[in-house]
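Student: I should like to take a close look at one part of this protein. May I ask about the structure shown here?

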Amino acid sequence: MSAVEGLDLLTGEAVRLHVSDGLIAEREPLPKGKSERLPFIAPGLVDLQINGAAGVDFNRPPVTAEGFRHAVSALWAHGVTSFCPTVITNGTEQMERLLEQIRHASSADPAIRGSVAGFHLEGPFLSPEDGPRGAHPREHIRRPDIRLLERWQEAAGGLIRIVTLAPEWDEAPAFIRHCVKQGIIVSIGHTAADSAQIREAVRAGASLSTHLGNGAHPVLPRHPNYIWDQLAADELYAAMIADGFHLPASVLKVFCRVKAGKAVLVSDAVSLAGMPPGTYKAHIGGDVVLTEEGKLHLAETPELLAGSAKLLLHGVEHLARLGIAALAEAWRMASLLPASLLKLPAASGLSAGSPADIVVLRLDGDRLHVCRTYKSGRLVYERA
Ligand SMILES: [Zn+2]
């Protein structure tokens, strides 16, 4: 039995969390007056979409146990205790091999295995159109195919939990119903769907929008369009990239207001998250440029972003700094909310009976500094 003390970032209460067998055994309130010197504590962040970190690319084979550990350690250091490694559009065999490799790479250590909340398959059932397709390679885009999904699910050891697809394919409604039956979350993204197709996808059980407002045409009819349609569908959670580049503040604000209680933050970070500025060879889209400010775009078409180079913690800070959400609310949008979408036990936060996925933080102006991270009660990161 050990204990972690702090001010609960979400409630403001000073508490001592007693940890036993990987769980929060007891949440003990601390007397008033003891709170001044305490750090903040918060439930671990949950990232639904992440393609790599710290130079390790989940889409570039081989993904080794050592490489994966390196990436997960970087996530822990930034307060992430659960995440969905995201495998994007690629050849059928390559995707199968990557899923197998990531599964094996994550199985070596219980804390690493426990941090993988499931795989996110982003593609290849996306729009082939320039714009909505984003940086996904056109030659590998294909129609939704249940057989193929089953093959990948086998390679993934049943760990595929989210599939992003474009619902305008004729096969989409049946495919979505199949996924939902298997407990897979279907997310609408990289799409050029019309209103009826979005509605049909929602009826079939789609429950999320992938990085809403990105992976879209640069110019859209004022209305109707697939962004309004997804905003208006109350059934859909909206995942947003709040890195400061993917969505302007006004759009972030409107998405947060409209989707109140269903707006979640994702990083969509690529392996270059945390690397120095420069030109890099990416798995998709050829050369990419990482600017001084941390913006990542295709070298040939600078208006096309190539994922984010910022981790989830930055999105929380960004939203709070803009005044769109209070810090506690922004943190909730990147922890409890995505956890509840995935039906993770971590969705109950820092309460008795929850997994001891705890981040100890210091607030310095509008910057958050992670001091320690616990995964299932095990100290997996401590700031030097
Ligand atoms: Zn995408």
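How many bridges join strand β1 to strand β2, and do these strands run parallel or antiparallel?

Tutor: Please bear in mind that this is a predicted model. Strand β1 (residues 2–8) and strand β2 (residues 14–20) are joined by six bridges, and the two strands run antiparallel. One pairing can be located exactly: G6 has V15 of β2 as its bridge partner.

This pair belongs to an open sheet of seven strands, arranged in the order β3-β2-β1-β4-β18-β19-β20 with mixed pairing. The edges are occupied by β3 (23–29) and β20 (378–382); each has a single partner strand, so one side of each is left without a neighbour in the sheet. On average, and with direction ignored, neighbouring strands of this sheet are turned by 40 degrees against each other. At the β20 end of the order, helix α1 (residues 65–77) lies across β19 (367–375) and β20, and α1 runs at about 120 degrees to β19.

The zinc ion may be considered next. Its protein donors are E122 (OE), H190 (NE2) and H211 (NE2), which lie 2.0 to 2.1 Å from the ion. Along the chain, these donors follow the spacing E-x67-H-x20-H. E122 lies in strand β9 (residues 119–122), while H190 lies in the loop between β11 (185–188) and α6 (195–204), so the pair ties together parts that are 68 residues apart in sequence. Both E122 and H190 are buried.

Notes: Residues are numbered from 1 along each chain as its sequence is written. This is a predicted model: local features need pLDDT of at least 70, side-chain atom pairs count only at pLDDT 80 or more; totals for chains, interfaces and linings use all residues. Side-chain values use heavy atoms; hydrogens and water are left out. Donors are N, O and S atoms within 2.8 Å of the metal (3.2 Å for Na, K and Ca); water is not among the atoms, so sites may look incomplete. Helices (H or I, at least four residues) and strands (E, at least two) are DSSP runs, numbered from the N terminus. Buried means under 20% relative accessible area, exposed over 50%, partly exposed in between (1.4 Å probe, protein chains only). Two strands pair if DSSP finds at least two bridges between them. Axes are lines fitted to C-alpha atoms, for helices over the stretch in contact, and angles run from 0 to 180 degrees between N-to-C directions. Contact means heavy atoms within 4.5 Å.
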